[in-house]
4 protein chains.
Amino acid sequence: MIKAGIVGGTGYTGIELLRLLSQHPQVELAAITSRQEAGKAVSALFPSLRGRVALAFSHPDQAELKKCDVVFFATPNGVAMGEARALIDAGVRIVDISADFRLKDVAEWERWYKLKHAAPELVAQAVYGLCEVNRDRIRGARLVANPGCYPTAIQLGLLPLIEAGAVDLAHLIADAKSGVSGAGRKAELHLLHAEASENFAAYAVGGHRHWPEIRQGLAQAARREVGLVFVPHLTPMIRGIHATLYGRITKEMDFQELYEKRYANEPFVDVMPAGSHPDTRSTRAANLCRIAVHRPPEGGGQAERRDTLVVLSVIDNLVKGASGQAVQNMNLMFGLAETMGLDQVAVVP
Amino acid sequence: MIKAGIVGGTGYTGIELLRLLSQHPQVELAAITSRQEAGKAVSALFPSLRGRVALAFSHPDQAELKKCDVVFFATPNGVAMGEARALIDAGVRIVDISADFRLKDVAEWERWYKLKHAAPELVAQAVYGLCEVNRDRIRGARLVANPGCYPTAIQLGLLPLIEAGAVDLAHLIADAKSGVSGAGRKAELHLLHAEASENFAAYAVGGHRHWPEIRQGLAQAARREVGLVFVPHLTPMIRGIHATLYGRITKEMDFQELYEKRYANEPFVDVMPAGSHPDTRSTRAANLCRIAVHRPPEGGGQAERRDTLVVLSVIDNLVKGASGQAVQNMNLMFGLAETMGLDQVAVVP
Amino acid sequence: MIKAGIVGGTGYTGIELLRLLSQHPQVELAAITSRQEAGKAVSALFPSLRGRVALAFSHPDQAELKKCDVVFFATPNGVAMGEARALIDAGVRIVDISADFRLKDVAEWERWYKLKHAAPELVAQAVYGLCEVNRDRIRGARLVANPGCYPTAIQLGLLPLIEAGAVDLAHLIADAKSGVSGAGRKAELHLLHAEASENFAAYAVGGHRHWPEIRQGLAQAARREVGLVFVPHLTPMIRGIHATLYGRITKEMDFQELYEKRYANEPFVDVMPAGSHPDTRSTRAANLCRIAVHRPPEGGGQAERRDTLVVLSVIDNLVKGASGQAVQNMNLMFGLAETMGLDQVAVVP
Amino acid sequence: MIKAGIVGGTGYTGIELLRLLSQHPQVELAAITSRQEAGKAVSALFPSLRGRVALAFSHPDQAELKKCDVVFFATPNGVAMGEARALIDAGVRIVDISADFRLKDVAEWERWYKLKHAAPELVAQAVYGLCEVNRDRIRGARLVANPGCYPTAIQLGLLPLIEAGAVDLAHLIADAKSGVSGAGRKAELHLLHAEASENFAAYAVGGHRHWPEIRQGLAQAARREVGLVFVPHLTPMIRGIHATLYGRITKEMDFQELYEKRYANEPFVDVMPAGSHPDTRSTRAANLCRIAVHRPPEGGGQAERRDTLVVLSVIDNLVKGASGQAVQNMNLMFGLAETMGLDQVAVVP
């Protein structure tokens, strides 16, 4: 049994991690920390876990995290970078669900996150945990930077095109829509039910922290810089990301086949039949990304001109976009079957 | 007082028209027809109108529509084209909220709507009721083709750019999100609450009936063909459309100023301050389009390259996108103040 | 024109009051205060009011509230009681939408609201603003205590029975369901969209502040003490209260007729036909209470025994349950038509 | 492995059963029938099951249901009664999720379901599948009548009181609120998202089919007739039932202890700590009923009089209220661990 610890387990990625790990056949939950809730039973804060998680939150200073085999950081940005070194030195492996180790360019990280990075030397060592790209490196990693939710949906949606050199890399567009749980369990006015339901709006059009992360991943696949307009929107639902991706075609090929081949052996990426419109709910509570590829008419003189590829990519932001992917990374790091503990069927309706 | 009739008043555009007309100071509701509900009090079908609308539905054959000054068609597509001629000949003016007279190219209409057009000779005569474009022609019109919901939000969002020749007209993108009332009051499985809530998906990516309508309007403004990728999505809310519009800049100018000037005298178009993210709810139940203009960074070598304009355009699909715009057209046709009966403040929260 | 001031206009009752007053033909909005937002345009905080409310928030100390004809308190509990005296002395009339003056028993008020009352001498003078009960006294009032949302729906639902002495007064039950806007515009975790949507739960079963207010009103109508079990629930919607009321019948009569007669002349209470199930949405954004009366079978030996009356009472908690009722009170206080500025038709769908 | 068949698998209980059975370690899905979808892959209708359910729907006449060990009826009422006999004669065991065999009084069944019962002789043989009451009899049953959703939540909530003779059995009240999936996957106007969201209403106050079922179960526990007012409401969410139950206390005891003891060994009933307010979401997608017991003040002379017990009982209507309970019954019938395949943790948020 793998002894697992969770730092900062009171947010949505924390409770989702608890849901998944408490059902994982090879994991023993050893500790979960929360400065604010120390001493309180986890199931008192999250009654959905009554009878399933017997732990109480422990104070970060007192948790015996160094005795764990793996520690997950489900913390706000800026915490993991301060604590990772000591744990790694103690032989603990780390999956950081926050953003501390995602950007390789420390200066850019500091610009976007408005913090001084506390462990730049670990940044190079960290492996970006998008399993469909870095599977082999993750296996040996001591520190995995778990991807953000938008970056997961968008990279999985665009990677086949980029790897194939099939679209104009200077002018990609990602129009993404997220359920409100993506904003975290934070008491902020704009996230209230009375504000966020029955409403739809874009946000952070001028610049979102996931933009450099996405561009970094795409650039690595392209082996050159990539231009991307990224417009995130808040959608009146709890879970789910729908990324609608636009790329100008530069090389003809069978795009449906391209995607099917790229993901043929991926257990958690489902390329749907041509013409499909994936529902976000078809991934609800499941560790899955579903993708469909379209090539609509544009008109502009010739009604049937079709210059633009439209890719639809959906995930559950808390599972494949966060905690499920974290467990997938853990499975790889410990030599378990990649799908272990991640076989939940999506909950519909 | 203007005597108004409504044909087919049992759908969402019908009940919204009733809400607006019953509060209009210069309108007398004279008749409302429904084959299925004939004889039933309107307020028995729609209890929200109890005490406000005293009419009963009458059978289409028996309604004295020819005695009306204006008749609104809130019918499924294909009805108005069969009944308009007789009413026009009787001196009645018509606002058709359905799609029968929107496309000038009858062959294209027949291709998209899969019907033989019953009154092609009226198509030429019909005026497209986007007041912000055709105000003068609407004043004298006998037959107004009220625009679709997506076409309203998208055209108002793109017109200033197109009129100014500022973007690449061959490759516009409209990524649009609509609340479910846009699909109408139809008993279809995919519109059930248990199907459509907590879910987000694109639909009709391969071709939507509003696509030729939008392209027609844009082409008229551009005086040439326009290429457009149009991707509609269903959003888990009742009312509201959010169009996110992308255009590659071809001519530099102050885009914020461009929009402010274009709509300076428009009572129902609100250009928001630079950097705004309009909420759909800020137009809920009100006859308004709110627009914001952004120019985000793209990266791709130079982090600050900003080649693409992003316009956010929101409406309430049932008001500015349907029945409110119909009343606006009626006001113009009868020489009333354009804003009469349309001064409702948006309902928030 | 009546010069109106609003103290504390940043919550949901505040924005709703702004929506209504900005459309009221006899009201001039003179001042709105907010300690936190002082100096900011109202329409910057609430974009739905762009073009409709030109005021900026002013600091409470600097607002010239004493020059107003009427001041509305849309504040948290405990504010109005400290400021009312000075305004009344200056000749200003007050409608307090908070709870400061609702309970006649000051000791009980202090027990429930956990504050020392700052103006007990004004409590006796305050008139409880349930127009359907206290219309005449409201006309002459200088200080109106606007009823709470639950108390409005529940009292209007039960009053006919109690006035008629038709049910067992010792054992009434009010099972009430409220949309989340009833909890106010407060950044609290349990009100987040991700917490409150797709969920239903009771709260405060052990004791809710509206309980003594309801019992006070019912006892006044009954001229004796009344026993009431009150169970409020949070419902995943923005607006609306549905009260399901249970009373054991002690005197036979035609209950439908009882209700119809009691409310025959009330412009804002709609007794629906026997057998109806009022939708909360049929009052959305409108100053209305809709009521239906049922007498279901109970079984228990005789299948058709029908000992219990079930009354369904619905309102929009922000309109008839708060700001609309406040305007109704103002209309009465200033000798205007009671319905002035309150003729909005409910927004459906 | 148990070979399982499903008749009528296109509704919400069908897809939920597929979700559960496809993850059950001892079940092999052998056949699923649908007259309308015959020949279509299950995963084409329900993309959430892509990769998890390989079956196609088969025509009812051609499915080899008789080779199954167990057949679940997830059909509209009136189907199972016609097909059960032949299957039972072939040695197949049946769990009927519809209502055909729930009422022991055939005449009463025919009155409520407005059908002639096709197999009255099987009614006596059928075991009512509320495991917490009939566990032993279910083990040996050939035909289990799976309880309705409201009856499950309400009976589990009231049974301890009734078995203890602690409340007035002539005047129980069940005020129940259900998510819209309880109404089934039916294309009906009132279930549309645009109708059912942002709305709350009671329905069928005059008489609901679950009323006789609940009274039958309560009467059996009481060994006498029971009087019950049952008021169901439609709540704007997909899953979940919240029953708020009221009983007048006739015998004093420690009610919290009563409930804890009654359900001490029940794997799927969770008695929460005194004073709790269970969320429906804390059971989402899980086979659980959570219960809390309250005794609020009533006033009526003595402020602290507390004559009425209030029990809050929540379930996921599709799991413990339907398909999860059906699997629980199957486990009992086949001698498996009762919890096998039913250990999903509730999905929150």
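1. The radius of gyration used here is taken over C-alpha atoms, and the globule rule that goes with it is 2.2 Å times the number of residues to the power 0.38. The model is a predicted one, and chain A is a convenient place to begin reading it. For 349 residues this rule puts the radius of gyration of a compact globule near 20 Å, and since chain A has 20 Å, the two values agree. Measured out along its principal axes, the C-alpha trace of chain A spans about 70 × 45 × 40 Å.

2. The make-up of chain A can be described next. Chain A holds 11 helices and 13 strands, and buried residues account for 60% of its 349 residues. If one takes the contacts in chain A between residues at least 6 apart in sequence, 71% of them join residues that are at least 24 apart.

3. A sheet can be followed strand by strand in chain B. Here six strands form an open sheet in the order β2-β1-β3-β4-β6-β5, and the pairing is parallel. The edges are taken by β2 (27–33) and β5 (127–128) of chain B, each of which has a single partner strand, so one side of each is left without a neighbour in the sheet. At the β2(B) edge, strand β1 (residues 2–7) of chain B runs parallel to β2(B) and is joined to it by six bridges; within this pairing, K3(B) has E28(B) of β2(B) as its bridge partner.

4. Some strand pairings in chain D deserve a close look, since one residue links them. Strand β3 (residues 70–73) and strand β4 (residues 93–96) of chain D pair in the parallel sense over four bridges, with F73(D) standing opposite D96(D) of β4(D). Between these two strands the chain passes through helix α3 (residues 80–89) of chain D, and this β-α-β crossover is right-handed. Strand β4(D) also pairs in the parallel sense with strand β6 (residues 143–145) of chain D, over three bridges, and in β6(D) the bridge partner of D96(D) is A145(D). D96(D) therefore appears in both pairings, opposite F73(D) and as the bridge partner of A145(D).

5. Strand β9 (residues 228–235) of chain C is a good example of an enclosed strand. A residue is called buried when 20 or more other C-beta atoms lie within 10 Å of its own; eight of the eight residues of β9(C) are buried, so the strand is largely enclosed by the rest of the structure. Both of its faces are covered, with L228(C), F230(C), P232(C) and L234(C) buried on one side and V229(C), V231(C), H233(C) and T235(C) buried on the other.

6. The strand partners of β9(C) can be added to this picture. Strand β7 (residues 172–179) of chain C pairs with β9(C) in the parallel sense over eight bridges, and K177(C) has H233(C) as its bridge partner in β9(C). Strand β8 (residues 201–202) of chain C, by contrast, pairs with β9(C) in the antiparallel sense over two bridges, and A201(C) stands opposite L234(C) there.

7. Chains A and B meet in a contact that takes 50 residues from chain A and 50 residues from chain B. On the side of chain A that touches chain B, the elements giving two or more residues include β7 (172–178), β9 (228–234) and β10 (241–248) of chain A. Sorted by class, that side has 22 nonpolar, 17 polar and 11 charged residues. A rotation of 180°, with 0.0 Å of shift along its axis, superposes chain A on chain B with an RMSD of 0.0 Å, and P236(A) is the residue of chain A that comes closest to the axis, its C-alpha lying at 3.1 Å. Of the interface residues of chain A, 100% are also interface residues in chain B, so the copies meet through the same surface.

8. Chains C and D can be read in a similar way. In this contact, 50 residues of chain D touch 50 residues of chain C, and the largest share of the side of chain D that touches chain C, four residues, comes from β9(D). A turn of 180° and a shift of 0.0 Å along the axis lay chain D on chain C with an RMSD of 0.0 Å, and the two copies are thus related as by a two-fold rotation axis. In chain D, the C-alpha nearest this axis belongs to P236(D), at 3.1 Å.

Conventions. Residues numbered from 1 in each chain as written. Chains lettered and ligands numbered in written order. Predicted model: local features only at pLDDT ≥ 70, side-chain atom pairs only at ≥ 80, totals over all residues. Pairing = 2+ DSSP bridges. Right-handed = clockwise from strand over helix to strand, strands pointing away. Contact = placed C-beta atoms within 7 Å. Nonpolar A, V, L, I, M, F, W, Y, C, P; charged D, E, K, R; others polar. Buried ≥ 20, exposed ≤ 12 C-beta atoms within 10 Å, placed from the backbone. Least-squares fit on C-alpha atoms with pLDDT ≥ 70 in both.
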